[in-house]
Amino acid sequence: MSAGLDITDVSATAGGESILNGVTMRALPGSLTGLIGPNGAGKSTLLRATLGLVPTTSGTITFVGNDLPAMPRRNRARVAAFVEQIGANEAQLTAREVVMLGRIPFQSVWQAEPSPEDEQIVTEAIAAVDMSGFEHRQYNTMSGGEQQRLQIARALAQQPRLLLLDEPTNHLDVHAQLTALNLLRTRAQSGATVLLALHDLNLAAAFCDALVVLHQGRVVAQGAPQDVLTPALLRTVYNVDATLVSHPTSGRPMIAYNLPA
Ligand SMILES: Nc1ncnc2c1ncn2[C@@H]1O[C@H](COP(=O)(O)OP(=O)(O)OP(=O)(O)O)[C@@H](O)[C@H]1O
Ligand SMILES: [Mg+2]
């Protein structure tokens with residue numbers, strides 16, 4: 001057991017097919033852990049299984065020793081927040097109301113309205129994703145990137161010790177991508193365990209402390225980005241030719257893809 005998220009020998013099936021096959025991985029507090037792998041590798045399934053949203057056929061999933069999928073929903077929501085790949089379409093809510101959803105696990109059933117503390121947390125979360133000024137807009141009329149930023153803010157407002165995000169940057173412009181990942185890294189540095197599925201391997205290499213590579217439902221590598229991202233792995237897992245270079249200032253690995261002839 002670690003102080004973070006421990007996934008041990010987890011398998012899952014869907015539609016009669018094996019989707020996850022003996023997945024063992026760890027995400028530690030204080031770290032930003034990237035879950036990478038090609039389309040269909042099982043990333044979303046693993047994140048959903050972690051929260052008990054899809055059934056597993058074997059294995060254990062614990063956070064700080066507690067069986068996460070088995071926890072009552074409200075208790076789990078006080079610990080773990082999730083930003084899904086395809087954001088829920090919160091009909092008829094304003095942007096601020098969507099972010100306020102993150103406070104529900106902490107509100108008592110007889111509480112008529114959010115507390116001043118809830119309001120302050122929500123204001124800060126909205127500011128953190130650069131969405132102040134959009135608060136009274138109708139959520140379902142907002143752009144994909146604006147909605148995604150608000151979903152990140154909703155998760156931050158939950159003040160989770162475990163934060164799971166499924167491709168949180170896929171709709172974001174480059175500035176918003178860097179801002180969001182920096183924000184998540186800061187949360188990790190202040191003690192949260194953050195696990196996020198990412199497709200952009202250069203962003204993953206630039207921001208993540210550790211990477212877990214899923215391929216066909218199995219973990220094929222995990223460790224520091226510079227150890228995991230090798231030309232051989234990129235060839236076998238992603239079927240791409242690439243050269244690894246170092247970022248001129250950070251020294252982090254950067255992938256230069258060799259274009260097909
Ligand atoms: N309910 C289901 N029934 C049948 N197959 C499923 C079901 N859910 C997931 N799968 C399959 O499981 C595999 C893994 O899906 P998953 O969504 O976890 O992949 P992913 O790594 O998140 O991919 P992407 O990068 O495209 O988001 C895919 O082949 C998918 O079609
Ligand atoms: Mg997915």
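Me: What is the relative accessible area of Arg48, which counts as partly exposed?
Reply: This is a predicted model, and in it a residue is called buried under 20% relative accessible area and exposed over 50%, with partly exposed in between. Arg48 belongs to that intermediate class, because its relative accessible area is 26%.

Me: Which side chain does Arg48 meet in a salt bridge?
Reply: The contact has an N to O distance of 2.7 Å, and the pair links distant parts of the chain, with the two positions 36 residues apart in sequence. Arg48 lies in helix H1, whereas its partner sits in the loop between strand S6 (80–83) and helix H3 (95–100). That partner is partly exposed, with a relative accessible area of 33%, and the residue in question is Glu84.

Me: Where is Val54 found?
Reply: Leaving aside neighbours within four places in sequence, Val54 is in contact with Thr45, Arg48 and Ala49. The C-alpha atom of Gly4, 50 residues away along the chain, is separated from that of Val54 by 21 Å. Val54 itself is placed in the loop between helix H1 (43–50) and strand S4 (58–63).

Me: How many salt bridges does a search of the whole structure find?
Reply: One of them joins Arg48 and Glu84, and another joins Asp6 and Arg26, whose closest N and O atoms are 2.8 Å apart. The Asp6–Arg26 pair links strand S1 (residues 5–14) to strand S2 (residues 17–27) across 20 residues of chain. Of these two partners, Asp6 is buried at 8% relative accessible area, while Arg26 is partly exposed at 41%. Across the whole structure, the number of salt bridges found is six.

Me: Which residue forms a salt bridge with Asp118?
Reply: The closest N and O atoms of this pair are 2.9 Å apart, and the pair links Asp118 in helix H4 (residues 116–128) to a position 15 residues away, in the loop between H3 and H4. Asp118 counts as buried at 4% relative accessibility, and the partner also counts as buried, at 5%. The partner is Arg103.

Me: Which residues on the other side of H9 are exposed?
Reply: In helix H9 (residues 231–238), Leu233, Leu234, Val237 and Tyr238 are buried. These four cover an arc of only 100 degrees around the axis, which means that they lie on the same side of H9. In general, an α-helix has 3.6 residues a turn, so residues three or four places apart point the same way. The exposed residues on the other side are Ala232 and Thr236.

Me: Which residue takes a positive phi of about 60 degrees just after H9?
Reply: Helix H9 covers residues 231–238, so the residue just after H9 carries the number that follows this range. The residue with a positive phi of about 60 degrees is Asn239.

Me: What percentage of the accessible area that ligand 1 has on its own does the protein cover?
Reply: Ligand 1 is surrounded by 13 residues, the closest being Gly40, Lys43, Ser44, Thr45 and His199, and the largest share of this shell, three residues, comes from H1. Oxygen atoms of ligand 1 lie 3.0 Å from an N or O atom in the side chain of Asn39, 2.8 Å from a polar backbone atom of Gly40 and 3.2 Å from a polar backbone atom of Ala41. Out of 640 Å² of accessible area that ligand 1 has on its own, the share covered by the protein is 57%.

Technical notes:
Residues numbered from 1 in each chain as written. Chains lettered and ligands numbered in written order. Predicted model: local features only at pLDDT ≥ 70, side-chain atom pairs only at ≥ 80, totals over all residues. Heavy atoms only, no water. Contact = heavy atoms within 4.5 Å. Buried < 20%, exposed > 50% of the residue type's maximum accessible area, 1.4 Å probe, protein only. Arc of directions from axis to C-beta. Salt bridge = Lys/Arg side-chain N within 4 Å of Asp/Glu carboxyl O. Near = heavy atom within 4 Å. Polar contact = N/O pair within 3.5 Å; in protein donor to acceptor, adjacent residues only side chain to side chain. Areas by Shrake-Rupley, 256 points an atom, 1.4 Å probe, with all protein chains shown as cover.
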